[in-house]
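Me: I would like to go through a protein structure with you, one question at a time. Please explain each answer carefully, as you would for someone in a first course.

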Amino acid sequence: MEKEITVLIVEDDKYISNFICMSLRQEGYRYLKTETGRGAISLCYANNPDVVILDLGLPDMDGIEVIENIRSQSDKPIIVVSARQEEGEKIRALDKGADDYVVKPFYMGELLARIRVAVRKSEKNSASMTQSFQKEYLKIDFVKRMVYIDDQEVHLTPIEYRLLVLLVSNRGKVLTHNQILNEIWGYGGGGDANSLRVFMATLRRKIEKDTTNPRFIITEVGVGYRFAEE
Ligand code: CA
């Protein structure tokens with residue numbers, strides 16, 4: 001029998017909360033729910049859920065504080081579901097450690113897809129490090145540090161290779177410009193969003209068959225990039 005997945009829903013809008021709970025039950029998930037940030041933190045401690053669905057506008061505290069608190073005790077996936085459409089909020093939540101972001105109003109199918117990605121990713125993280133990665137015509141050999149398209153070796157510069165590995169090892173998850181810049185160039189390491197865009201463009205030309213409709217590296221407009229999981 002498959003392991004039961006527990007999802008914690010943190011949402012003070014009862015209509016949305018009930019809607020999410022009902023859909024999760026139909027999909028065979030266990031769920032816990034709370035309307036407050038404090039409730040979220042204590043349920044996280046007590047029940048160690050597999051995925052957290054978090055609204056940012058909560059009655060007792062800011063959802064960003066909830067992310068910080070949960071991240072100090074757990075690396076379980078957090079998917080933010082919020083009506084706040086400002087790019088700044090989205091980026092702040094991701095920078096604090098949220099894994100993904102869905103803006104209200106959303107399609108339930110989309111939220112369920114994000115949950116599946118988050119669960120798979122967290123299961124993969126607990127599995128051992130693999131030596132290679134393959135998705136369709138793209139293959140990466142982590143041991144030889146080589147990249148192949150249709151079995152033909154592609155030459156990547158060291159920065160392009162690190163960018164690709166960073167995205168692949170976080171596949172399904174949005175990485176903000178800041179997170180990528182800090183990982184690749186270090187804090188204050190001279191990288192900026194413009195040079196990142198240039199590196200991303202050359203990387204895409206090397207690995208994507210159609211750069212206008214990329215299969216692997218997806219742009220999250222104004223936020224960052226995501227390696228396609230599905
Ligand atoms: Ca709310």
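Me: Which protein donors does the calcium ion have, and how far from it do they lie?
Reply: This is a predicted model, in which local features need pLDDT of at least 70 and side-chain atom pairs count only at pLDDT 80 or more, while totals for chains, interfaces and linings use all residues. Residues are numbered from 1 along each chain as its sequence is written, and side-chain values use heavy atoms, with hydrogens and water left out. Donors are N, O and S atoms within 2.8 Å of the metal (3.2 Å for Na, K and Ca), and because water is not among the atoms, sites may look incomplete. The protein donors of the calcium ion are Asp12 (OD), Asp55 (OD) and Gly57 (O), at 2.1 to 2.4 Å.

Me: How are the donor residues of the calcium ion spaced in sequence, and how many residues apart are Asp12 and Gly57?
Reply: The spacing of the donor residues is D-x42-D-x1-G. Helices (H or I, at least four residues) and strands (E, at least two) are DSSP runs, numbered from the N terminus. Asp12 sits in the loop between β1 (6-10) and α1 (14-26), whereas Gly57 sits in the loop between β3 (51-54) and α3, so that this pair links distant parts of the chain, 45 residues apart.

Me: Is Asp12 buried, partly exposed or exposed?
Reply: Buried means under 20% relative accessible area, exposed means over 50%, and partly exposed lies in between (1.4 Å probe, protein chains only). Because the relative accessibility of Asp12 is 31%, Asp12 counts as partly exposed.

Me: Which residue does Arg71 meet in a salt bridge?
Reply: Side chains of opposite charge can pair when their charged atoms come close. A salt bridge is a side-chain nitrogen of Lys or Arg within 4 Å of a carboxyl oxygen of Asp or Glu, and a search of the whole structure finds 17 of them. In one of these, with an N to O distance of 2.9 Å, the side chain of Arg71 meets that of Asp99.

Me: Where in the chain do Arg71 and Asp99 lie, and which of the two counts as buried?
Reply: Arg71 belongs to helix α3 (residues 63-71) and Asp99 to the loop between α4 (87-95) and β5 (100-103), 28 residues apart. Arg71 has a relative accessible area of 24% and is therefore partly exposed. With 15% relative accessibility, the residue that counts as buried is Asp99.

Me: What does Glu136 do in the hairpin of β6 and β7, and with which residue does Glu136 form a salt bridge?
Reply: Two strands pair if DSSP finds at least two bridges between them, and four bridges join β6 (residues 132-135) to β7 (residues 138-141), which run antiparallel. There are two residues between these strands, and Glu136 takes a positive phi near 50°. Glu136 is partly exposed, with a relative accessible area of 44%. Its salt bridge, with the closest N and O atoms 2.8 Å apart, is formed with Arg215.

Me: Which residue of the turn between β7 and β8 has a positive phi?
Reply: Four bridges join β7 to strand β8 (residues 146-149), and the two run antiparallel. Within this pairing Ile140 stands opposite Val147. The two strands form a hairpin with four residues between them, and the turn residue with a positive phi of about 55° is Arg145.
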